[in-house]
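Visitor: I'm new to this one, so could you pick a single part and take me through it slowly? I'd like to know what is around it, too.

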Amino acid sequence: MEKNKFSTDYYDYYLPEELIAQTPIKERSHSRLLVLDKLSGNIEHKRFDDIINYLDSNDVLVLNNTKVLPSRIFGNKSETGAKIETLLLKEIDNDIWECLTSPQKRLKKGTIINYSDDLSGEVIEILKDGITHIRFNYRGVFIEILERIGAMPLPPYIHESLKDNDRYQTVYAKVLGSAAAPTAGLHFTNDLLNKLKSIGVEILYVTLHVGLGTFRPVSESDIRCHDMHSEYYEIDEYTANNLNEAKKLHKRIISVGTTSLRTLESNYTKYKKFKSTNEETSIFIYPGYHFKAIDGLITNFHLPKSTLMMLVCALAGRENITNAYKEAVENKYRFFSFGDAMFINNASFKNEYKRILRGYKHSKENYKTYDYFKIDKGSNNIILSAPHAYKHFRNNKIKVNENNTSKIVKILGILTNSHVIYTYKDSNNDPNYDMDSEYKKELSKYIKNNNIKYLIEIHGLNKDSDISLEIGSNR
């Protein structure tokens, strides 16, 4: 019996333990890159710095410039000397932090933990899942103390110590406050970023401080019952304005990492555009989610049954992701934080979109050409119709052509695998108004022969008037 898409087990996969990367690769940009076309399912195997061959001046890269706190500190209970490990997640009030503590069972409200001569903490709240609220007392500058005594908060599946703390920071890390690195960004070097800029790729930055969600597994059997922890994000005015301009110009917005993706999707979903703000997000993206902000994603390989595994399945389809992960395992890719990368791309649509806008014939197969209209064969039970894309006559009067409607239905046909019928030359009748038009006769015949259940007509898009769009007609 097929598993339910809302079942946590639906997002499981087999991963040999030896493929979990324990240390970063010597050269950041020399990690491997699996390129997955989310429309065709096609997979390519490249090196990460080959990413430059998949981007151009019509692309915007959005990176998360959060900087990781060396927030893993070790202390001892003042009463018994018992060792306590503390991971600072986020500051919730003046010097009061939400932390993960282990072992939490040794703590109670009021417990004092000594971390160094300059730093101690008092437990003020014990919550579930290892979460503890601690008020820190210190002499000097808190961040400087952490940098002196703290370790990088590496995920629990990494068992080797990190020789250079900078390797768990992106080269563009700027805003201190994260409990984990946005690991997709670890593959970029300043040289690679400069090369991307030189070919016209726009680089923009957002900030999301990674919190508890990164460390928290999905414990519910039904993913819809999972409670996402909130995380703080910022988008400045410059970035918001440039992203809105990119949307207007139909540029691709490529998110570097799931943290950038969740920032952009949270913001765009809430405000219906990109808006400068600083606030919390607890967005949980799983299959069925409609992406509004981004067009592609550069990411690492994620843990089985994790919320991030659900996110990439929502973006590219579970079948595509399952195939890609299986191929990555077979080709011995390195997994998780210090592992290799994946680019979830929409190249087949991007190339076809360009061809359509340039006026070239597009690559849907088995289409038939008539005197003034064409039919392109799809694979579902929907046909899209653009009958007025060229000049036509209704009751012996010239009607203004809706010249952009044919482009819309062709693009929608590619995206949805629907059948398409559209005019490509002037006609001396009204293709879908006159009862005896060849357009209407062939459409009727095609519907019967191809088991079409839904006809959607597109009207109203004219280059000489304000943009408007109508679906169907009053007839």
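Guide: Happy to. One bit of vocabulary to begin with: contact here means heavy atoms within 4.5 Å. Keep in mind as well that this is a predicted model.

Let's look closely at helix α5, which spans residues 307-316. This helix is mostly covered, with nine of its ten residues buried. Buried stands for under 20% relative accessible area. The buried ones in α5 are T307, M309, M310, L311, V312, C313, A314, L315 and A316. And what does the covering? Among the elements over those buried residues are two helices, α4 (258-271) and α6 (318-330), along with the strands β1, β16 (296-300) and β17 (341-345). Right after α5 comes G317, and its phi is positive, near 95°.

Now follow those covering strands outwards. β1, β16 and β17 belong to an open sheet of nine strands, in the order β2-β1-β17-β16-β14-β3-β12-β13-β15, with mixed pairing. The edges are taken by β2 and β15 (277-281), and each has a single partner strand, so one side of each has no neighbour in the sheet. On average, neighbouring strands here are turned by 25° against each other, direction ignored. β1 and β17 run parallel and are joined by five bridges. You can spot D37 standing opposite N345 in β17.

Helices pack on this sheet too. α3 (residues 237-248) touches β3 (59-64), β12 (202-208), β13 (231-235) and β14 (252-256), and its direction makes about 130° with that of β12. Then there's α6, one of the elements covering α5. α6 lies across β1, β2, β16 and β17, running at about 155° to β1.

Stay with β1 for a moment. Between β1 (32-37) and β2 (43-47) there is a loop, and L39 lies in it. L39 counts as partly exposed because its relative accessibility is 39%. Together with L412 and L415, L39 forms a nonpolar patch on the surface, with about 220 Å² of accessible area in total. So around α5 you have buried residues in the helix itself, while L39, in the loop after β1, is partly exposed.

For another kind of sheet, look at the closed barrel of six strands, which runs β5-β6-β7-β10-β9-β8 with antiparallel pairing. Its neighbouring strands are turned by 45° against each other on average, direction ignored. Two bridges join β5 (residues 72-77) to β8 (residues 112-116), and N76 stands opposite N114 in β8.

Conventions:
Residues numbered from 1 in each chain as written. Predicted model: local features only at pLDDT ≥ 70, side-chain atom pairs only at ≥ 80, totals over all residues. Heavy atoms only, no water. Pairing = 2+ DSSP bridges. Helix = DSSP H or I, 4+ residues; strand = E, 2+ residues; numbered from the N terminus. Axes fitted to C-alpha atoms, helices over the stretch in contact; angles between N-to-C directions. Patch = residues over 30% accessible without salt bridge, like charges linked within 9 Å, V, L, I, M, F, W, Y side chains within 5 Å. Areas by Shrake-Rupley, 256 points an atom, 1.4 Å probe, with all protein chains shown as cover. Salt bridge = Lys/Arg side-chain N within 4 Å of Asp/Glu carboxyl O. Buried < 20%, exposed > 50% of the residue type's maximum accessible area, 1.4 Å probe, protein only.
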